[in-house]
Amino acid sequence: MPHSPINQDEINKAVWAACDTFRGTVDPSIYKDFILTMLFLKYISDVHQDKYDELEAQYGDIPELIAEMMESQSFKIPTGSTFWDLYEARHEAGNGSRIDQALHAIEEANGTKLKNVFQDISFNTDKLGDEKQKNDILRHLLEDFGKETLNLRPSRVGSLDVIGNAYEYLIKHFAAGSGKSAGEFYTPPEVSDLLSIILEPQQGDTICDPACGSGSLLMKCGKQVQKNFTGSKQYALYGQEAIGSTWSLAKMNMFLHGEDNHRIEWGDTIRNPKLQDKEGGLLHFDVVTANPPFSLDKWGHDDASNDHFGRFRRGIPPKTKGDYAFISHMIETLNPQSGRMGVVVPHGVLFRASSEGKIRKQLIDENLLDTVIGLPEKLFFGTSIPAAILIFKKQKVDNKVLFIDASREFKSGKNQNQLTPENIQKIIDTYKARETTDKYSFLATLEDIQENDYNLNIPRYVDTFEEEEEIDLVAVRTERLELQNELAELEAEMAGYLEELGYGA
């Protein structure tokens, strides 16, 4: 039976409506994992069912033959573990444990591909209330995803991008409502776009995000290769994420976008970097980009002096601010010839002294810092402070640093400001031109920076001061006299009226 096609807007609305089951009962920071995991399970189940129906129509009801041919599917789903198996049993007790068992069985059946992906996400949790409430919530969730509006069969959905975009749509909306924790898993799409364009990922590049969250920034870089090289997927994505449930979201996000050539590790990048080569050294990449947690406390300071990767040879960052820990790690993972890097940082990174000042000086003296871009305030989820982007390159064309002050040009929003396509294009054009422009950019020499004691605070380089219009005092005096004469005439006229009415002196 043919299915009516679905468009992006319809599927976005349908998955967002499924969140109604949790609203008012469970915090979004908790239920986002359930919604996103269910979307993944529903999609792979619908793909599985679509393929099964296609083979059955072609070869008839021969279970052994169909089972053998189903082995070539992207994901293997054991008997009893599809979404529809869970849906059929939704009125029975134990929905939480049944969903967990099904996810575990799918993990086991797919070997290393889905190893541990669901281990940090449990539907059988007290966070959903007592057993009866939990069972009711999960029954409603299964019924929401069982509706025809969320029929995700490829024959209906068409492009895999529709599913991937719906997943991204959910992640963005969860970030908007998650307060401070939003920055842990999501970078605003405009910032991801800007970074991916500036870093110019090429065909054949290895691309890494050592604080990858849900993987959106990494995939934007991949999309740039596809866009600029006629759909080519000749690139590899690498990432590491410390939070288990967020790492799971990143893995599912990759698969839902058709990004099969990826390696996303789970663990603390600073304390335990897992992207290593066969000799136990750090892997090197052509492109390294990240939006790491701002000024992270307890980042691993106590062990930094014994780091056997040599990442902190320029200095050890302060105990309560891990910004330069991530920068130092990223620098050390750059390919010596082709490596380029973009990192989002709080402004304190530009001017704080002590150990951070020492590291900053060393990076500048080594001619690694290429560009400093000041961004508007209220751009990032969970914080209102303005941030900056630092661009580093292993092989620079000069020994200068370009400063761009893009902090005053944005689309204003109640809770969140946005970079418009025009704002982004202006930054990119200025970055490529690499020259001084009035009140927007300044190409600084090493001597300029040395004169400022290696302080990179953008207003020291880009003068945005607007001179007040010169006041013509003679014209002002003339205008004042005219007004005084006019007032005197009005006073005399008023006195005449009052005298006629008998109110005179």
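**View 1. Val287 stands opposite Arg340 of strand E5.** In this predicted model, the pair belongs to the junction of strand E4 (residues 287-290) with E5, where 4 bridges join the two strands. E4 and E5 run parallel.

**View 2. Strand E5 (residues 340-346) is largely enclosed by the rest of the structure.** This description applies because 7 of the 7 residues of E5 are buried. Both faces of the strand are covered. On one side lie Arg340, Gly342, Val344 and Pro346, and on the other lie Met341, Val343 and Val345. Each of these residues is buried.

**View 3. Strand E5 is joined to strand E7 by 7 bridges.** E5 and E7 run antiparallel, whereas E4 and E5 run parallel. Within the E5 and E7 pairing, Val344 has Ile389 of E7 as its bridge partner.

**View 4. Strand E6 (residues 369-374) is joined to strand E7 (residues 387-393).** The connection consists of 5 bridges, and the two strands run antiparallel. Thr371 stands opposite Ile391 in E7.

**View 5. The strands shown in the preceding views belong to an open sheet of 9 strands.** Their order is E3-E2-E1-E4-E5-E7-E6-E8-E9, and the pairing is mixed. Strand E3 (262-266) and strand E9 (441-444) stand at the edges. Each of these two has a single partner strand, so one side of each is left without a neighbour in the sheet. From one strand to the next, the twist averages 15°.

**View 6. Lys396 is found in the loop between E7 and strand E8 (401-405).** Is this lysine, Lys396, buried or exposed? Lys396 counts as buried because its relative accessibility is 15%, and the cut-off for buried is under 20% relative accessible area. Leaving aside residues up to four places away in sequence, Lys396 touches Asn367, Leu368, Leu369, Asp370, Val401 and Arg434. Lys396 and Arg340 are 56 residues apart in sequence, and their C-alpha atoms are 9.4 Å apart in space. Arg340 is also one of the buried residues of E5.

**View 7. Ile471, Leu473 and Val476 make a nonpolar surface patch.** The patch has an area of about 330 Å². Val476 lies in helix H18 (residues 473-500). With a relative accessible area of 43%, Val476 is partly exposed, whereas Lys396 counts as buried.

Notes: Residues are numbered from 1 along each chain as its sequence is written. This is a predicted model: local features need pLDDT of at least 70, side-chain atom pairs count only at pLDDT 80 or more; totals for chains, interfaces and linings use all residues. Side-chain values use heavy atoms; hydrogens and water are left out. Patches are made of residues with over 30% relative accessible area and no salt bridge: like charges are joined within 9 Å, nonpolar side chains (Val, Leu, Ile, Met, Phe, Trp, Tyr) within 5 Å. Accessible areas come from the Shrake-Rupley method with a 1.4 Å probe; for residues, only the protein chains shown count as cover. A salt bridge is a side-chain nitrogen of Lys or Arg within 4 Å of a carboxyl oxygen of Asp or Glu. Buried means under 20% relative accessible area, exposed over 50%, partly exposed in between (1.4 Å probe, protein chains only). Two strands pair if DSSP finds at least two bridges between them. Axes are lines fitted to C-alpha atoms, for helices over the stretch in contact, and angles run from 0 to 180 degrees between N-to-C directions. Contact means heavy atoms within 4.5 Å.
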